[in-house]
Amino acid sequence: MEPIRISKKEETPEGWKCTVEVGYNSEKVGFLVYLSREYWDRLTGRICDPYTFIIKSFQLLLLHVPKVVIRRELRIEDIDDYLPEGEYEEEIRKRIHAR
């Protein structure tokens, strides 16, 4: 799997906004990602930090779709649009709890 890293982080009253980079050097693609506190809390139960949650979410997403088809600006909950219905939330919960 290609490397996934968060290059910029910003905490907002609503949650978090960050830049996620996927890939190597000239093949790198950047995404502006939003995560609401409510969504993070509901899916993780606060057992991992928001940035770990974002990385794990992208790892799951990239198993299903290539980085070039992902919208460059998205809310984490929009990942559900790329996977079969309900699969994202079920699978991300397993991954978070399997840490």
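**Aromatic pairs, core and cysteines in a predicted model**

Student: How many aromatic pairs does a search of the whole structure find?
Tutor: Happy to start there, and keep in mind that this is a predicted model. W16 and W40 form an edge-to-face pair, with 70° between the planes and 5.2 Å centre to centre. F31 and F58 form a tilted pair, at 50° and 5.3 Å centre to centre. For the whole structure, the search gives a count of two.

Student: Which parts does the pair of W16 and W40 tie together?
Tutor: Both of these residues, W16 and W40, are buried. They are 24 residues apart in sequence, so their pairing ties together strand 2, with W16, and helix 1, with W40.

Student: And F31 with F58: which parts does that pair tie together?
Tutor: F31 is buried, and F58 is buried too. The two lie 27 residues apart in sequence, so the pair ties together strand 3, home of F31, and helix 2, home of F58.

Student: Which charged residue has its end over the ring of W16?
Tutor: Let's look at two charges over rings. K9 lies over the face of Y51, 4.7 Å from the ring centre. Over the ring of W16, also with 4.7 Å to the centre, sits the charged end of R37.

Student: Which element gives the most residues to the largest nonpolar core?
Tutor: In soluble globular proteins, nonpolar side chains tend to be buried together. Here the largest nonpolar core has 32 residues, and V20, F53, I54, F58, I76 and Y88 are those with the most contacts inside it. Among the elements that each supply at least two residues are strand 1 (4–11), strand 3 (29–36) and helix 3 (87–97). The top contributor, with eight residues, is helix 2.

Student: Which residues does F53 touch, leaving out those up to four places away in sequence?
Tutor: F53 is one of the residues with the most contacts inside the core. Leaving out residues up to four places away in sequence, F53 touches L35, Y39, W40, L43, T44, C48, I76, Y88, I92 and I96.

Student: How many disulfides does the search of the whole structure find?
Tutor: Start with C18: the closest cysteine sulfur, in C48, is 13 Å away, which is too far for a bond because a disulfide needs sulfur atoms within 2.5 Å. C48 is in no disulfide either. Both are buried, C18 at 1% relative accessibility and C48 at 4%. The number of disulfides found is zero.

Student: Is Y82 buried or exposed?
Tutor: Y82 lies in the loop between strand 4 (73–75) and helix 3. Beyond its neighbours within four places in sequence, Y82 is in contact with L61, V65, V69, I70 and R71. Its relative accessibility is 18%, and the cut-off is under 20%, so Y82 counts as buried.

Student: How far is the backbone nitrogen of R71 from a polar atom of the Y82 side chain?
Tutor: R71 is among the contacts of Y82 outside its sequence neighbours. From the backbone nitrogen of R71 to a polar atom of the Y82 side chain, the distance is 2.8 Å.

Student: How does K28 count: buried, partly exposed or exposed?
Tutor: K28 is found in the loop between strand 2 and strand 3. Not counting residues up to four places away in sequence, K28 touches E21, V22 and G23. With a relative accessibility of 38%, K28 counts as partly exposed.

Conventions:
Residues numbered from 1 in each chain as written. Predicted model: local features only at pLDDT ≥ 70, side-chain atom pairs only at ≥ 80, totals over all residues. Heavy atoms only, no water. Core = buried A, V, L, I, M, F, W, Y, C linked by side-chain atoms within 4.5 Å. Buried < 20%, exposed > 50% of the residue type's maximum accessible area, 1.4 Å probe, protein only. Helix = DSSP H or I, 4+ residues; strand = E, 2+ residues; numbered from the N terminus. Contact = heavy atoms within 4.5 Å. Polar contact = N/O pair within 3.5 Å; in protein donor to acceptor, adjacent residues only side chain to side chain. Phe/Tyr/Trp six-rings, centres within 6.5 Å; stacked < 30°, edge-to-face > 60°. Lys NZ or Arg CZ within 6 Å of the ring centre and 35° of its normal.
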